[in-house]
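The exercises below are meant to be worked with the sequence and the coordinates side by side. Each task is followed by a solution that proceeds in steps.

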Amino acid sequence: MKTTLSNKLLNKRLAVIGTGKIGGILLRAFLKHKLVQPKRVHATVLYADEVRALAKQKLGVRISTDNRAAVRHADVILLAVKPQAIREVLEDIKPEMKPGKLIISVVASIPTQLIEKQLGLDVPVVRAMPNTPCAIGCGMTALAKGTHARKEHMEIARAMFEAVGRVVVVEEKQIDAVTGLSASGPAFIYILLESLAEGGVKVGLPRDISTLLAAQTMMGAARMVLDTGDHPALLKDAVTTPAGSTMDGILELEDGKVRVTLIKAVMKATQRAKELVLES
Ligand SMILES: NC(=O)c1ccc[n+]([C@@H]2O[C@H](COP(=O)([O-])OP(=O)(O)OC[C@H]3O[C@@H](n4cnc5c(N)ncnc54)[C@H](OP(=O)(O)O)[C@@H]3O)[C@@H](O)[C@H]2O)c1
């Protein structure tokens, strides 16, 4: 099924509207995994300077500031602009939209209904919330379907994002929570990782070794959760020997309210994701 879909995708024409951080990461990953052919891709940015900067990457795709031209020839349109730019972009591409074209939007906060309403068509829209580790095939993406998106549209979106990591399907009302957890999450994790590495430096390890220890430990711990399916608390207990050193470290974490701080970080990021639509 996956191979057939990947083959089907290969013949599709893709427009990437907003080839910034996440749009660029996804585009490069789709090309690397041969999900789309470069000659069938048209990527856009806002400024001519950015067109030149992207051209230097020699991706083999067409790059311009012309959203309409990109959409005119596309079967799948990946929207990856900031929420503040979405209404202007939708107005711009509206004349070129047809119900047969599939929109996949990674734009935070913007509901599928807003896109459907503004385009005024029964256009299939899939909302996707990926994260930056898609760049190395280790991404986490949640998908939610819009009113007119059918099974085949979800399958196309799934095939695209499965090529760059894991995929879950959620209800659209849960997407802002996904934004607060797994889309913002890498930033939270980097802070934790950097802090652990600083700890290592404080107790005498060279910075490069300390960073490697912290990063590999985080990856190993995450893999333990994913591969065993065990509850994190159970895995934590296996590290914590009676009267050992780990327990002393845990006491410090509890004293520093690390749990409640992380829970609040996800809550705040989710709240902000809900608000962004008001600024669009
Ligand atoms: N970064 C993440 O980890 C992540 C994860 C999931 C979802 N998202 C969502 O993805 C969206 C983009 O985020 P980002 O971090 O990639 O932002 P970004 O780096 O600022 O990229 C935005 C891109 O949109 C382009 N753009 C702006 N107005 C445009 C227009 N009218 N027509 C065509 N292109 C236009 C910009 O072009 P110029 O460079 O020329 O200004 C830029 O390339 C946001 O809605 C964000 O919530 C991001």
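**Exercise 1. Describe the shell around the ligand by residue class and by the elements that build it.**

Solution. The model is a predicted one, and the shell is best read first by composition: 16 of its residues are nonpolar, eight are polar and four are charged. In total, 28 residues surround the ligand, and the closest of them are Gly18, Gly20, Lys21, Glu50 and Ala108. Turning to secondary structure, the elements that give two or more residues to this shell are helix 2 (21–32) and helix 5 (86–93). Helix 2 provides the largest share, with three residues.

**Exercise 2. Characterise helix 2: its length, its buried residues, what covers them, and the backbone just beyond its end.**

Solution. Begin with the geometry: helix 2 consists of twelve residues, and the distance from its first C-alpha to its last is 16 Å, close to the 16 Å expected at 1.5 Å a residue. Next, list the buried positions, which in helix 2 are Ile22, Gly23, Gly24, Ile25, Leu26, Leu27, Ala29 and Phe30. The cover over these buried residues includes strand 1 (14–17), strand 2 (41–44), strand 4 (76–79) and helix 7 (151–162). Finally, follow the chain past the helix, where Lys34, just after helix 2, adopts a positive phi of about 55°.

**Exercise 3. Work out the strand order of the sheet, and identify the strands at its edges.**

Solution. The protein chain holds 13 helices and eight strands. An open sheet of eight strands runs in the order 3-2-1-4-5-6-7-8, and its pairing is mixed. Strand 3 (62–64) and strand 8 (165–169) each have a single partner strand, so they stand at the edges and one side of each is left without a neighbour in the sheet. Between neighbouring strands of this sheet the average turn is 20°, with direction ignored.

**Exercise 4. Compare the pairing of strand 1 with strand 2 and that of strand 6 with strand 7, and state how strand 2 is covered.**

Solution. Take the parallel case first: strand 1 and strand 2 pair in the parallel sense over four bridges, and Ile17 has Thr44 in strand 2 as its bridge partner. Strand 2 is covered on both faces, since Val41 and Ala43 on one side, and His42 and Thr44 on the other, are all buried. In the other pair, strand 6 (residues 125–129) and strand 7 (residues 139–145) are joined in the antiparallel sense over four bridges, with Ala128 standing opposite Leu143 in strand 7.

**Exercise 5. Is Met140 buried or exposed, and with which residues beyond its sequence neighbours is Met140 in contact?**

Solution. Locate the residue first: Met140 belongs to strand 7. Then count its surroundings: Met140 has 21 C-beta neighbours inside 10 Å, and because a residue with 20 or more is classed as buried, Met140 counts as buried. When neighbours within four places in sequence are left aside, the contacts of Met140 are Asn131, Gly165, Arg166 and Ser182. Ala221, by comparison, lies 81 residues from Met140 along the chain, and the C-alpha atoms of the two are separated by 17 Å.

**Exercise 6. Summarise the overall dimensions, burial and contact range of the protein chain.**

Solution. Along the principal axes, the C-alpha atoms of the protein chain fill a box of roughly 70 × 40 × 40 Å. Of its 280 residues, 34% count as buried. Among contacts in the protein chain with a separation of 6 or more, 68% are between residues 24 or more positions apart.

Note on methods: Residues numbered from 1 in each chain as written. Predicted model: local features only at pLDDT ≥ 70, side-chain atom pairs only at ≥ 80, totals over all residues. Near = placed C-beta within 6 Å. Nonpolar A, V, L, I, M, F, W, Y, C, P; charged D, E, K, R; others polar. Expected span 1.5 Å × (residues − 1). Buried ≥ 20, exposed ≤ 12 C-beta atoms within 10 Å, placed from the backbone. Contact = placed C-beta atoms within 7 Å. Pairing = 2+ DSSP bridges. Axes fitted to C-alpha atoms, helices over the stretch in contact; angles between N-to-C directions.
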